[in-house]
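Visitor: I should like to go through this protein with you, beginning with its overall organisation and ending with its local details. Please show the sequence and structure before we start.

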Amino acid sequence: MQVFRGFRHPGVAKACALTIGNFDGVHRGHQAMLALLNTEARQRGLPSCVLTFEPHPRDYFAALAKRPELAPARIGTLRDKLAELAAGGVAQTIVLPFDNRLASQTPDEFVRDVLVEGLGARYVLVGDDFRFGAKRAGDYAMLDAAGDANGFDVARMNSYEVHGLRVSSSAVREALEAGRMKEVQTLLGRPYAISGHVVHGRKLGRALGASAPGKDDGFRTLNLRFKHWKPAASGIFAVLVHGLGDKPLPGVANLGVRPSLDANDVNAGRVLLETHCLEWPSQLGIEGAYGKIVRVELLSKLHDELRYTSLEALTAGIAKDGRDARAFFASMLVQTHAETHRQTTRDRI
């Protein structure tokens, strides 16, 4: 998949089948839209294209109003959104900066400047709640009329449901905030995950719980920055880490701002996913993971972030979280064995 910041690049396709949206989380409703988009693109002999925005329009207006509470919690990073769009078979994605110029465009200007002249849209697929243009003045009927006038087809996809649940980014955010990770997996069609480069931190974890002073064999952690200040999920999770070996590694992770650490923390104020692998690959050594791209699946929420009053209390808390994570993975193994046994029994009948 080709990715472009804006559409004024020579590599952008001259014509396309297009869908427009924020695609936060790229949930199963989004995936259904991408499947339909790709089908329509193939039938027309066009590349499929996603137009998305960064920052999220509601982020922009919340900052403009100086009311950060109005900004939506972010499900995924831009990296993860682009990865999921690529997995959905999209040929190109345009990341359009949402700024004052875009926010002030009338619906007619948006159609002319972006859809027609900028992207050469021949087919436009939108969701059932799609609005566009300054003050969200444009609706589906207006887009459909603009399509007739400018020579592109317009289609609308209705809400998508899974087991009676309406799939939406809002529903995913709500489930993440509540820590209902199985529901999140149902809505996404995959485990919730965050990926990124492993970055340096204070290296405090390796000293906590070390076998002896200076040993640095305590709670080694993988630090990933979540580049939005307001993640939809937070707390302590049992996780699986992909990208450090031939198989995923079980671990326990803290997603948040680490309230037990002081202002001298090198990542102070930033949201961090800090993961302790329960089985550290010996071939990596202490420093071997830095700079690698890993994907961390958050499988089960253990509890919210806690503020510990001392490093000793923090060490004990991390140790307990590790035990609870091990218990979670042990129960998963039991369930897997039980399901395998049931399937084998059914096959024999």
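**Overall organisation**

Visitor: Which share of the contacts with a separation of 6 or more comes from residues 24 or more positions apart?
Guide: The model is predicted. Among contacts in the protein with a separation of 6 or more, those between residues 24 or more positions apart account for 73%.

Visitor: How many helices and strands are there, and what percentage of the residues is buried?
Guide: The protein contains 9 helices and 14 strands. Of its 349 residues, the share that counts as buried is 48%.

Visitor: In what order do the strands of the open sheet lie?
Guide: The sheet has 6 strands, and their pairing is parallel. From one strand to the next, the twist averages 25 degrees. The order is β1-β4-β3-β2-β5-β6.

Visitor: Which strands stand at the edges of that sheet?
Guide: An edge strand has a single partner, so one of its sides is left without a neighbour in the sheet. This applies to β1 (2-5) and β6 (153-157).

Visitor: Is strand β4 largely enclosed or open, and which residue of β4 stands opposite C49?
Guide: In β4 (residues 92-97), 5 of the 6 residues are buried, so the strand is largely enclosed by the rest of the structure. β4 pairs with β1 in the parallel sense over 4 bridges, and 6 bridges join β3 to β4, also in parallel. On the β1 side, Q2 stands opposite Q92. On the β3 side, the residue opposite C49 is Q92.

Visitor: Which residue of β5 stands opposite C16?
Guide: Strand β2 (residues 16-20) pairs with strand β5 (residues 121-127) in the parallel sense, over 4 bridges. The residue of β5 opposite C16 is A121.

Visitor: At what angle does helix α6 run to β6?
Guide: Helix α6 (residues 140-150) lies across both β5 and β6. Its angle to β6 is about 155 degrees.

**Cores**

Visitor: Which residues of the largest nonpolar core touch the most other members?
Guide: This core has 37 residues. Elements that each supply at least two of them include α7 (169-178), α8 (181-188), β11 (235-242) and β14 (293-303). The members touching the most others are L176, Y192, V241 and L298.

Visitor: Which residues does V241 contact, leaving aside its neighbours within four places in sequence?
Guide: V241 is one of the core residues that touch the most other members. Beyond its neighbours within four places in sequence, its contacts are L222, K247, P248, L249, T275, C277, V294, R295 and V296.

Visitor: How many residues make up the second core?
Guide: The second core is separate, and C16, C49, F53 and F152 are among its members. C16 stands opposite A121 in β5, and C49 stands opposite Q92 in β4. The number of residues in this core is 30.

**Aromatic rings and local geometry**

Visitor: How is the ring pair of Y60 and F61 classed?
Guide: Y60 is buried at 16% relative accessibility, whereas F61 is partly exposed at 40%. Both belong to one aromatic cluster with F53 and F98. Their ring centres are 5.1 Å apart and their planes stand at 75 degrees, over the 60 required, so the pair is edge-to-face.

Visitor: What is the angle between the ring planes of F328 and F329?
Guide: F328 and F329 are both buried. Their pair is edge-to-face, with 5.3 Å from centre to centre and an angle between the planes of 70 degrees.

Visitor: Against which elements do the buried residues of α2 pack?
Guide: In helix α2 (residues 57-64), the buried residues are P57, D59, Y60 and A62. They pack against β3 (48-54) and α4 (100-103).

Visitor: Which peptide bond is cis, with omega about 5 degrees?
Guide: P55 lies in the loop between β3 and α2. The cis bond joins E54 and P55.

Visitor: Is H163 buried or exposed?
Guide: H163 is found in the loop between β7 (160-162) and β8 (165-167). Its phi is positive, about 50 degrees, although it is not a glycine. The relative accessible area of H163 is 77%, which is over 50%, so the residue is exposed.

Key. Residues numbered from 1 in each chain as written. Predicted model: local features only at pLDDT ≥ 70, side-chain atom pairs only at ≥ 80, totals over all residues. Heavy atoms only, no water. Core = buried A, V, L, I, M, F, W, Y, C linked by side-chain atoms within 4.5 Å. Buried < 20%, exposed > 50% of the residue type's maximum accessible area, 1.4 Å probe, protein only. Helix = DSSP H or I, 4+ residues; strand = E, 2+ residues; numbered from the N terminus. Contact = heavy atoms within 4.5 Å. Phe/Tyr/Trp six-rings, centres within 6.5 Å; stacked < 30°, edge-to-face > 60°. Pairing = 2+ DSSP bridges. Axes fitted to C-alpha atoms, helices over the stretch in contact; angles between N-to-C directions.
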